[in-house]
Amino acid sequence: MVSKHIMIIPELSQIWSRLLKLLPGRSAPPVSPRVVFERFQKVLASNNQALEIIADLGEKLGGDYLFDMRYVESSVEELIAAVHGSVLAVNELCGDRHARLHQVHERLSEDLRLTLAGREDREGPLIFTLDEIRPRNWALVGGKAAHLAVMRHDPQLRVPDGFVITARAYNDLIDHNGLRQQLTAFEELMSATEPEADLLEQQRSLIEQAVLAAAPPPGLLDALAQAAGRLPQTGKPLFLAVRSSAQEEDMDFSFAGQFTSVLNVPAQPDALFAAAREVMASLFCAGAVAYRRRVFPDEGKMAIAVVCQRMVDSRSSGIVFSVDTMQLAHDTMVVVAAWGQGEAVVEGGTATDTFQLHKGPPLRIAARQVADKEQGLFAGAESGLTSRAIAKELRAASCLSDDELLQLGSAALHLETLFKRPQDIEWAFDSSGQLYILQARPLVLNTPAREKALPVRVEQHEVICAGQGKVAQQGIAAGPVHIVNFAEETGEFPEGSVLVTHHDSSRLVTYIQRAAGVITETGTPVSHMATICREFQVPCLVNVGSILGKVREGELITVDAEDRRIYRGLVDELLVYRATSCINLMSSREFRLLRRILKKVSELHLVDPMMQDFSIDGCRTCHDILRFSHESAVQEMVNLGRDERRLIKGNIVRPMKLPIPTGILVIDIGGGLASDAPERDVPFQAIASVPFRAVLQGMLFPEIWHNNPMPVGIRDLMNSMFSPIREEAAEQYSGHNIAIIGGNYVNLCFRLGYHYNIIDAHCGEAEQNNHLYYRFLGGVTDMTKRSRRAAMIAQILKEFEFNVQTKGDLVTARLSRLPQREAERALDILGRLVGYTRQLDVRMESDNDPGKYAEAFLNGEYRV
Amino acid sequence: MHSIMIIDDERIVGDMAKLSLSQEGYDVESFLDGESALKRLKEKSFAVVVTDLKMKGVDGLEVLRNVKQLYPATAVIMITAFANLDVAIEALRDDVFDFFPKPVKIKDLKASVKRAVEGRKI
């Protein structure tokens with residue numbers, strides 16, 4: 001319907017636009033608010049579609065659905081398309097200002113497709129330095145290296161520098177030596193439900209030997225020379241620790257002690273390659289294969305990377321568990337230490353010092369147990385480690401001073417916060433007293449056995465051993481004793497036996513998975529073997545002292561690895577649970593793949609739009625792109641009301657009639673007004689826009705809008721006339737108040753005398769689409785008073801959970817993703833605030849005033 | 001104890017179905033392809049057969065036809081990633097007990113199997 005209020009003739013406007021396009025440097029003619037709003041809706045629609053797919057994928061992880069790989073693959077493709085739609089839409093809205101989002105999206109999509117195809121570890125560099133590694137490189141560098149890289153970037157932690165030989169290099173080695181077919185056959189055998197044991201062992205041994213004899217793939221030796229050469233030289237010959245970083249290592253599973261580490265390797269390409277080859281071959285050692293079959297029963301494929309780091313000349317080293325696994329006490333941490341290299345601690349067999357620290361705060365030492373330490377492992381002069389006797393005066397001395405203990409404890413607390421989980425940490429102090437963190441991984445914790453009928457007395461059974469040793473894994477175990485003596489290895493472990501041995505070596509893993517329980521005479525609860533017992537949930541007591549002489553091979557015993565009692569015979573009262581051997585689906589290949597996909601898709605890094613890393617470069621996942629897209633779209637809408645002259649010229653503008661002395665011009669882009677709304681004098685009742693109604697309600701609240709303006713002193717007025725007002729603000733200070741409204745949308749630019757408010761809001765039933773944006777600038781008086789008013793506004797808005805930022809006299813506040821009711825309430829508050837603060841800055845005489853007036857507002861005392 | 005057969009060429013589906021249906025007290029056997037499933041059917045009857053529709057070689061429809069021939073009282077439940085209307089009609093004509101597009105909510109599958117099993121008692 002053509003109204004006499006249209007101030008432009010359509011044909012002239014077209015001619016004008018064409019003329020404008022011909023003039024150099026002129027941008028395209030402005031688009032109407034309605035079209036802009038439609039483009040904004042397109043962004044919202046694509047975003048919602050993509051977010052639904054992400055939520056759908058995530059739901060499948062719960063285990064309530066039967067899904068297959070086809071579903072995952074097709075969902076990922078749909079998601080890629082939806083995110084592409086969002087990137088297109090936001091660029092259409094914002095004049096292609098964010099064109100670079102396309103490149104980010106393409107890169108992420110390629111990565112997702114590679115992940116789905118299981119090929120993430122085939123492409124990429126042969127070597128990464130630790131400092132180059134980013135979270136998206138996980139599949140190429142493995143869990144251990146990924147964690148080391150994160151710690152390297154943390155200024156509070158000291159981590160030895162180094163580089164990673166990637167899974168790509170491992171795959172190249174396999175291909176270059178013609179082992180691909182053999183490997184694939186072995187991996188398939190690994191995934192079989194019940195492979196023939198002899199065949200599996202034969203193939204395992206063959207491929208292990210083949211890798212140990214493999215030639216280096218092209219380019220690797222040069223790359224090693226380069227990488228070693230780039231490490232800062234210290235004047236002394238450079239030696240490196242060469243360790244495994246398998247894809248799943250140090251993620252949910254520790255693989256504690258299963259892979260080979262080669263320590264103190266001279267930093268020459270041949271030596272490094274030989275060591276790395278040993279590490280890669282250990283992927284196929286009997287222990288690792290047994291471990292993999294236990295925790296990944298149907299997944300044969302796993303690649304391995306190799307971390308090479310500068311050797312630390314350890315004076316003392318060991319482990320910290322940031323949670324005491326023996327008592328399952330989250331307020332205590334355990335430190336175990338030995339002289340020399342940490343292998344002595346994790347491989348068991350030597351005496352160690354144990355300390356408990358209370359986390360507090362404040363962090364303090366709660367207990368110390370210093371042992372008589374006869375031996376230690378130290379770096380040899382040529383290569384490798386040698387065992388040396390400890391000097392007499394150091395044997396009974398504590399490996400750590402109190403200061404060092406507390407320093408270590410602080411580092412452990414920091415790591416817990418960094419990785420958001422309890423940590424299993426390997427550390428070393430060098431000869432100059434510097435603390436190095438060598439490894440950090442999630443600590444395996446298990447809740448105690450749920451059901452246990454605790455008998456008060458179990459009298460008819462002889463107690464072989466009571467109160468001795470430490471609990472590595474809680475639970476009840478019962479079965480025939482099987483003594484393991486590594487000197488006379490037989491290789492056969494009768495299933496369901498209780499393993500009894502002297503040393504707690506990680507070589508026991510093949511037996512542990514068939515054992516009902518484990519008892520060792522020496523050892524600590526922080527050793528590799530103990531970690532494996534916890535992961536496999538096999539009840540385990542370590543360091544019980546002499547027991548080998550007290551039990552006979554084959555006799556039945558019951559182990560209570562909670563109360564630390566070992567009984568002769570089967571104690572029925574204690575046997576209340578049965579080990580379940582069901583398929584652990586959550587670690588199946590499909591679930592793990594889905595988790596990896598979701599990590600790349602839904603982890604949100606762009607959290608706060610006010611922060612600096614909220615940028616295209618900060619986008620690491622699909623969710624980040626969607627978030628950036630949404631915020632950019634909102635920003636674009638906020639600026640909609642800027643050029644009021646253009647708005648008034650180009651659109652149907654209807655003046656409102658309100659019971660407050662302020663004029664508002666309304667532009668309806670669809671659904672904002674009732675169908676019978678008049679052309680002028682539009683009353684409040686004719687407003688259909690949900691958010692605009694809410695704001696008006698606030699503005700019209702009794703006592704908010706006085707009829708009398710605040711008394712402005714001559715000084716204040718002089719101040720405003722002679723102080724330089726910012727240009728951008730100046731052009732908006734004069735002129736009309738314009739509200740661009742839709743059914744669920746409002747963009748309100750309010751120029752009240754000397755200050756300037758913008759309210760931009762989307763408010764409807766779809767919670768995920770709702771957002772509120774408020775900007776306030778200006779005032780009639782000097783900067784100090786204006787800043788005080790800004791402080792008052794900030795204080796009030798924070799009470800209503802807005803995300804607020806102030807800078808001088810500029811206040812920006814946002815709220816998003818809230819239900820309609822709450823959004824309307826918040827808009828009402830904004831409306832009241834706009835009226836309340838009209839000329840309050842002239843009142844802001846002292847620093848106490850912001851608080852005073854904020855309190856008054858929050859208490860509903862609107863009359864100043 | 002009632003016997004349930006699951007046929008799907010993706011192992012994860014069979015494993016998950018087996019785990020959840022065993023929890024309900026059923027005796028469950030899973031197969032990765034139609035041929036081996038049909039071979040087993042010649043040896044033993046099942047109360048319910050849950051099968052994927054699209055598989056290489058012997059597909060879900062062929063399984064359905066064979067089951068109906070050998071054991072008219074056995075209920076066949078079809079699960080498929082391809083929610084194809086024409087196939088659905090053809091399947092209904094051949095008397096499929098229930099039809100689920102993938103991903104299948106396990107709760108719904110359990111309820112359907114329960115109904116199928118109870119239907120047999122009559």
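Mentor: Quick start: contact means heavy atoms within 4.5 Å. This is a predicted model, so local features need pLDDT of at least 70 and side-chain atom pairs 80 or more, while totals for chains, interfaces and linings use all residues. Residues are numbered from 1 along each chain, chains are lettered from A and ligands numbered from 1, as written, and side-chain values use heavy atoms, without hydrogens or water.

Trainee: Which residue touches B:S3, B:I4 and B:M5?

Mentor: Skip residues up to four places away in sequence. The residue you want also touches B:T74, B:A75, B:I77, B:V113, B:A116 and B:V117, and is B:V48.

Trainee: Which helix gives the most to the largest nonpolar core?

Mentor: A core is a set of buried (under 20% relative accessible area, 1.4 Å probe, protein chains only) Ala, Val, Leu, Ile, Met, Phe, Trp, Tyr and Cys residues joined through side-chain atoms within 4.5 Å. The largest has 84 residues, and B:V48 is among those with the most contacts inside it, along with A:L66. With 12 residues, the top helix (a DSSP run of H or I, at least four residues) is α3 of chain A.

Trainee: Which strands stand at the edges of the open sheet of six strands in chain A?

Mentor: Strands are DSSP E runs of at least two residues, and two of them pair if DSSP finds at least two bridges. The order is β10-β9-β8-β7-β13-β14, with antiparallel pairing. A single partner leaves one side without a neighbour, so the edges are β10 and β14.

Trainee: How many bridges join β8 to β9 of chain A?

Mentor: These strands run antiparallel. A:T332 has A:H358 of β9(A) as its bridge partner. The number of bridges between β8 and β9 is six.

Terms used. Buried < 20%, exposed > 50% of the residue type's maximum accessible area, 1.4 Å probe, protein only.
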